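Work through the exercises below with the sequence and the coordinates at hand. Each task is followed by a worked solution.

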Amino acid sequence: MAKILIVEDDELLLSLYSDILTGVGHEVDRAEDGIEAFEKIKMGGWDLILLDIIIPKISGLDVMEKVRQTPPANPNKCVVFLTNLDKEEEIKKALVLGDGYIIKSQIAPGDLVSEVNRYLSKPAKPQN
């Protein structure tokens, strides 16, 4: 199955998402803040990164700006932003820096697997 990194500072959501995705056979790693996320993302090789926008130390959007400046040698296939915000300018930036977004308040835990599978089945975007 897929190698997935979940970046989320809400421990309950982090555990919930991790349990759901490991329960269907994915290999899951976790990060709770922007610095830890950047370190793991720059190692590369993730099939999917679920990246919260509002996280401690460095925002998810800023993490991806940094990754763009120094891309990993082993590219990541897909980055999907997690957010509770639905501000148009933030969503536009997320779509430029990543492959999509999930609004956390609008997704039931059961729908997470189908959303993840949808992103995993998309062809990888060319690296800049």
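**Exercise 1. State what share of the residues in the protein chain is buried, and describe the overall dimensions.**

Solution. Step 1: in this predicted model, buried residues make up 45% of the 128 residues in the protein chain. Step 2: the exposed surface of the protein chain comes to about 6600 Å², and carbon and sulfur atoms supply 53% of that area. Step 3: the C-alpha trace spans about 35 × 30 × 25 Å along its principal axes.

**Exercise 2. Give the succession of helices and strands, and judge how compact the chain is.**

Solution. Step 1: count the elements; there are 5 helices and 5 strands. Step 2: read from the N terminus, they run β-α-β-α-β-α-β-α-β-α. Step 3: compare the radius of gyration, 13 Å, with the 14 Å from the globule rule for 128 residues; the two are close, so the chain is as compact as a globular protein of that length. Step 4: take the contacts between residues at least 6 apart in sequence; 61% of these join residues at least 24 apart.

**Exercise 3. Work out the strand order of the sheet and find which strands stand at its edges.**

Solution. Step 1: the 5 strands form an open sheet with parallel pairing, in the order E2-E1-E3-E4-E5. Step 2: E2 (27-31) and E5 (100-103) each have a single partner strand, so one side of each is left without a neighbour in the sheet. Step 3: neighbouring strands are turned by 20° against each other on average, direction ignored. Step 4: look at one pair in detail; E3 (residues 48-52) and E4 (residues 79-83) run parallel and are joined by 4 bridges. Ile49 has Val79 of E4 as its bridge partner. Step 5: add a helix; H2 (residues 34-43) packs on the sheet and touches E1 (3-7), E2 and E3, with its direction at about 140° to that of E2.

**Exercise 4. List the buried residues of helix H3 and determine how they are placed around its axis.**

Solution. Step 1: within H3 (residues 60-69), the buried residues are Gly60, Leu61, Val63, Met64 and Val67. Step 2: the arc they cover around the axis is only 155°, which puts them on the same side of H3. Step 3: recall that an α-helix has 3.6 residues a turn, so residues three or four places apart point the same way. Step 4: identify the packing partners; the buried residues of H3 pack against H2, E3, E4 and helix H4 (88-97).

**Exercise 5. Is Asp33 buried or exposed, and with which residues is Asp33 in contact beyond its neighbours within four places in sequence?**

Solution. Step 1: locate Asp33 in the loop between E2 and H2. Step 2: its relative accessible area is 13%, and the cut-off for buried is under 20%, so Asp33 is buried. Step 3: beyond its neighbours within four places in sequence, Asp33 is in contact with Val7, Ile55, Pro56 and Lys57. Step 4: check one distance; the C-alpha atoms of Asp33 and Pro56 are separated by 5.0 Å, with their positions 23 residues apart along the chain.

**Exercise 6. Classify Lys57 by accessibility and comment on its phi angle.**

Solution. Step 1: Lys57 lies in the loop between E3 and H3. Step 2: the relative accessibility of Lys57 is 65%, so this residue counts as exposed. Step 3: its phi is near 75°, a positive value in a residue other than glycine.

Key
Residues are numbered from 1 along each chain as its sequence is written. This is a predicted model: local features need pLDDT of at least 70, side-chain atom pairs count only at pLDDT 80 or more; totals for chains, interfaces and linings use all residues. Side-chain values use heavy atoms; hydrogens and water are left out. Two strands pair if DSSP finds at least two bridges between them. Helices (H or I, at least four residues) and strands (E, at least two) are DSSP runs, numbered from the N terminus. Axes are lines fitted to C-alpha atoms, for helices over the stretch in contact, and angles run from 0 to 180 degrees between N-to-C directions. Contact means heavy atoms within 4.5 Å. The radius of gyration is taken over C-alpha atoms; the globule rule is 2.2 Å times the number of residues to the power 0.38. Buried means under 20% relative accessible area, exposed over 50%, partly exposed in between (1.4 Å probe, protein chains only). Accessible areas come from the Shrake-Rupley method with a 1.4 Å probe; for residues, only the protein chains shown count as cover. The arc is that of the directions from the helix axis to the C-beta atoms.
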